[in-house]
Amino acid sequence: MLQSEKILARNNVKIIDGDGPVLLYAHGFGCNQNMWDRVTPAFKSTHKQVLFDYVGSGKSNIAAFDAVKYGNLSGYAQDVLDICDALNLKGGVTFVGHSVSCSIGVLASIARPELFSKLVLLGPNPCFINHAPEYIGGFEKEDLEGLLDLMEQNYIGWANYLAPVVSAKGEDSVVTAELSDSFCSTDPTVAKVFARTTFFSDNRADLSKVKVPCLILQHRTDTLAPLSVGEYVHAEIAGSTLKVLEVQGHCAHMAEPLLFVEAMRDFVGA
């Protein structure tokens, strides 16, 4: 098998063919590429769309998981670059990232700014830990440690607790069920590494290095990324555009896909 084929298999890369520029979708922690299913139909006639699963998520090759590599967000960013290289993409890519993937996309764009034409960042949080008074990421360090302890002691209980917090839709909603199923289907060993990497990374200093046009989509009410975080990211990324979506929770692309598509379409120029 060629190296490019290995990379595409490793990350379970799927392509939705279409005429036009490339949209590369990157899912959040505990999720998979299926979370974009409500979005991709809107761009089928105007873009070529690329979806993938991070190693250890979805239908990726879990044998490729390396706790050291993926103990840092740069490991995930390198996989994004590998996927682009395997597809022979040289430029003009619009990266569409959710949650922690916003930081991953920022890192990838800093490493290879010529590859990306735009970044769409949904619910970014470059640092989940509060550093009062200058920065409120949403959580005290002790709270996150407690969340990871619960993950260690009762993985299914942790997944069932976190899903409604992320969705803000209640335990009986379709979005909550989809998130819970995804969390529960992720290998616990992998999920613990990704969780620690997600919640304890601090990428605030990287934001000012972004050189490509950037759309920040902030949820109006979001436990995982408060409104002040979206405003902070906007202030730090020169020339960025901030749009607040009238959405509760952390998953506008799942809960309110029409709103998300409308905002995204304006930016990507479809």
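A cavity is a set of points, on a 1 Å grid over the protein atoms alone, where a 1.4 Å probe fits but cannot get out; lining residues have an atom within 4 Å of a point. Grid points are joined across faces, edges and corners, and a volume is the space filled by probe spheres set on the points. The model is predicted, with local features requiring pLDDT of at least 70, whereas totals for linings use all residues. Residues are numbered from 1 along each chain as its sequence is written.

Two cavities of 30 Å³ or more are present in the structure. The largest has a volume of about 110 Å³. Its lining comprises 15 residues, of which Phe 29, Ser 99, Val 166, Leu 224 and His 250 are the closest to the centre. This lining divides into 10 nonpolar, five polar and no charged residues (Ala, Val, Leu, Ile, Met, Phe, Trp, Tyr, Cys and Pro count as nonpolar, Asp, Glu, Lys and Arg as charged, and the others, Gly among them, as polar).

The second largest cavity has a volume of about 30 Å³. Cys 102, Ser 103, Val 106, Leu 121, Pro 124, Asn 125, Pro 126 and Leu 207 form its lining, with six nonpolar, two polar and no charged residues.

Backbone geometry was also examined. Phi of Ser 99 is near 60 degrees, a positive value in a residue other than glycine; Ser 99 is buried (under 20% relative accessible area, 1.4 Å probe, protein chains only), at 7% relative accessibility. The peptide bond from Ala 132 to Pro 133 is cis, with omega near 0 degrees.

Conventions
This is a predicted model: local features need pLDDT of at least 70, side-chain atom pairs count only at pLDDT 80 or more; totals for chains, interfaces and linings use all residues. Side-chain values use heavy atoms; hydrogens and water are left out. On a 1 Å grid over the protein atoms alone, a cavity is a set of points where a 1.4 Å probe fits but cannot get out, and a pocket is an open set with protein on both sides within 12 Å along at least five of seven lines; lining residues have an atom within 4 Å of a point. Buried means under 20% relative accessible area, exposed over 50%, partly exposed in between (1.4 Å probe, protein chains only).
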